[in-house]
Amino acid sequence: PKRLLNLLRLLGHTGDELKMPVYLVGGFVRDLLLGVENYDIDIVVEGDALILARKIKEKFKAKIFIHPDFKTAKVVFDDGVKIDIASSRREYYKEPAALPKIEWASLKEDLARRDFTINILAISLNPNEFGLLIDLFGGIKDLKEKRIKVLHNFSFIEDPTRILRAIRYATKLGFIIDNDTINLMRNTIKTGLFTDSRNTRMKEEFFTILRDKTITIPALRIL
């Protein structure tokens, strides 16, 4: 929509004012390329996301909700549009399935910590590169081949929730799960991490599948 496009341009201009590279990332970029409607907007900034969020609040009279520990913020505009803004970061896991420790990092490092290649595409929003598509890990190829693929061998160990997410994406998008990724899923399940009852994020992801009646049965068959 034109309103949203203009908003993204303004975000890029605001980033320029603060000398911060600003990027559109994640599922919004994936679905944009697939032609699927999605207004779940995630922004990554190489710099302090909280400074950008406060500047947006000042310029557009928007509401912001800040999470200082993770350097993230949610911006809510008068018309109901919501944008999540985060500083580019790397994550360290002290133990499997634990919450990560956060450090600032480059865009490349931020994308490299994410779940699947189809979700690590980015689009630059700064005026001099507005609309530039960034594909550092072969996401476009996997998108064209309709394939769900993790970035590294420890992906499911770090976050077993990704097993359910892989199944949800495969059934929702009509994609296949890469063979190596399936083997990594099976090996992680054997460790017992997948069935750890203390993992509340796992339960939330499972309920997400159950709530979407269009994918529940196909997803449970894969499980």
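**Helix H3 and its aromatic neighbours**

Tutor: Let's start where the helix stops: H3 is followed by Lys61, whose phi is positive, near 55 degrees. Keep in mind that this is a predicted model.

Student: Happy to. What makes the span of H3 close to the expected one?

Tutor: H3 covers residues 49–60, twelve residues in total. The expected span is 1.5 Å times one less than the number of residues, and for H3 that comes to 16 Å. From the first C-alpha to the last, H3 also reaches 16 Å.

Student: Which residue caps the N-terminal end of H3, and how do you know?

Tutor: Asp48 does: one of its side-chain oxygens is 2.9 Å from the backbone nitrogen of Leu50. A polar contact needs N or O atoms within 3.5 Å, and the 2.9 Å here satisfies that cut-off.

Student: Which residues of H3 are buried, and why are they said to line one face?

Tutor: The buried ones are Ala49, Leu50, Leu52, Ala53 and Ile56. Viewed along the axis of H3, they fall within an arc of 160 degrees, so they line one face of the helix. In an α-helix, residues three or four places apart point the same way, because there are 3.6 residues a turn.

Student: What covers that buried face?

Tutor: The cover includes helix H1 (2–17) and strands E1 (22–25), E2 (41–45), E3 (63–67), E4 (72–76) and E5 (82–87).

Student: On to the rings. What makes the pair of Phe60 and Phe77 edge-to-face?

Tutor: Of the three aromatic pairs in the structure, this one has its planes at 70 degrees and its centres 6.1 Å apart. Pairing requires centres within 6.5 Å, and an angle over 60 degrees counts as edge-to-face, so the pair earns that name. The two rings are 17 residues apart: Phe60 belongs to helix H3 and Phe77 to the loop between E4 and E5.

Student: Are these two rings buried or exposed?

Tutor: The cut-off for buried is under 20% relative accessible area. Phe77 has 6%, so Phe77 is buried. Phe60 has 22% and therefore counts as partly exposed.

Student: Why is the pair of Phe206 and Phe207 called tilted?

Tutor: Their planes are 50 degrees apart, and tilted is the term for what is neither under 30 nor over 60 degrees. The centres are 6.5 Å apart. Phe206, at 29%, is partly exposed, as is Phe207, at 45%.

Student: How do you know that Arg3 lies over the face of Phe77?

Tutor: Arg3 is 5.9 Å from the ring centre, and the distance cut-off is 6 Å. Likewise, the charged end of Arg168 sits over the ring of Tyr169, at 5.2 Å from the centre.

Methods: Residues are numbered from 1 along each chain as its sequence is written. This is a predicted model: local features need pLDDT of at least 70, side-chain atom pairs count only at pLDDT 80 or more; totals for chains, interfaces and linings use all residues. Side-chain values use heavy atoms; hydrogens and water are left out. Helices (H or I, at least four residues) and strands (E, at least two) are DSSP runs, numbered from the N terminus. Buried means under 20% relative accessible area, exposed over 50%, partly exposed in between (1.4 Å probe, protein chains only). The arc is that of the directions from the helix axis to the C-beta atoms. Contact means heavy atoms within 4.5 Å. A polar contact is a pair of N or O atoms within 3.5 Å; within protein, one must be able to donate a hydrogen and the other to accept it, and residues adjacent in sequence count only if both atoms are side-chain atoms. Rings of Phe, Tyr and Trp (its six-membered ring) pair if their centres lie within 6.5 Å; planes under 30 degrees apart count as stacked, over 60 as edge-to-face and the rest as tilted. A charge sits over a ring if NZ of Lys or CZ of Arg is within 6 Å of the ring centre and within 35 degrees of the ring normal.
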